[in-house]
Amino acid sequence: MSRERFEELVGDALDAIPEELLRRMSNVVVLVEDDPPEPGLLGLYEGHALTNRGWDYSGVLPDRITIFRNPTLAMCSSEQEVVDEVAITVVHEIAHHFGIPDARLHELGWG
């Protein structure tokens, strides 16, 4: 799958997020990279979760949600599987932006 098509799928996954949640996101950018900094990652949230931001949160670079193309493609055998996995990964990383930890996401089926 081309990078352009993969980026389109990430955009589609973002479009599926309820508007109210998207409006509550603050100072965050979503990116696509080919490979993760360590094996096994499909996505990565880097930044300060909304629940950890206090009165002194200002003048910082945007948080980053990165979705990794190559490991996602390697684990999927069809385009529909890629669509589904990208959607799960996008929701998972956005949840981290809202301060939801991995353990809770796994409990909820978004691990």
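Two residues are in contact when heavy atoms of the one lie within 4.5 Å of heavy atoms of the other. The legends below describe close-up views of a predicted model.

**View 1. Thr66 and its contacts.** Thr66 belongs to strand 3. With a relative accessible area of 2%, Thr66 counts as buried, because that term applies to values under 20%. When neighbours within four places in sequence are left aside, the residues in contact with Thr66 are Leu31, Glu33, Leu42, Gly43, Leu44 and Glu46.

**View 2. The length of helix 1.** Helix 1 comprises 13 residues, from residue 3 to residue 15. At 1.5 Å a residue, a helix of 13 residues should span 18 Å, and the expected span is 1.5 Å times one less than the number of residues. The C-alpha atoms at the two ends of helix 1 are 18 Å apart, which agrees with the expected span.

**View 3. The buried and exposed sides of helix 1.** The buried residues in helix 1 are Phe6, Leu9, Val10, Ala13 and Leu14. Because these residues cover an arc of only 145° around the axis, they lie on the same side of helix 1. Glu4 and Asp15, on the other side of helix 1, are exposed. The packing partners of the buried residues of helix 1 are two strands and three helices: strand 1 (28-33), strand 3 (63-68), helix 2 (19-24), helix 3 (69-75) and helix 4.

**View 4. The largest pocket.** The space in the largest pocket amounts to about 240 Å³. This pocket is lined by 15 residues, of which Leu42, Gly43, His92, Glu93 and Asp102 are the closest to its centre. Strand 2 (43-46), helix 4 (79-97) and helix 5 (102-107) are the elements that each give two or more residues to the lining. Helix 4 provides the largest share, six residues. Sorted by class, the lining of the largest pocket has seven polar, five nonpolar and three charged residues.

**View 5. The second largest pocket.** The second largest pocket has a volume of about 160 Å³. Its lining consists of Ile17, Pro18, Leu21, Val91, Ile94, Ala95, Phe98, Ile100, Leu105, Leu108 and Trp110. Helix 4 gives the largest share of this lining, three residues. By class, the lining of the second largest pocket has 11 nonpolar residues, with no polar and no charged residues.

Definitions and conventions:
Residues are numbered from 1 along each chain as its sequence is written. This is a predicted model: local features need pLDDT of at least 70, side-chain atom pairs count only at pLDDT 80 or more; totals for chains, interfaces and linings use all residues. Side-chain values use heavy atoms; hydrogens and water are left out. On a 1 Å grid over the protein atoms alone, a cavity is a set of points where a 1.4 Å probe fits but cannot get out, and a pocket is an open set with protein on both sides within 12 Å along at least five of seven lines; lining residues have an atom within 4 Å of a point. Grid points are joined across faces, edges and corners, and a volume is the space filled by probe spheres set on the points. Helices (H or I, at least four residues) and strands (E, at least two) are DSSP runs, numbered from the N terminus. Ala, Val, Leu, Ile, Met, Phe, Trp, Tyr, Cys and Pro count as nonpolar, Asp, Glu, Lys and Arg as charged, and the others, Gly among them, as polar. Buried means under 20% relative accessible area, exposed over 50%, partly exposed in between (1.4 Å probe, protein chains only). The arc is that of the directions from the helix axis to the C-beta atoms.
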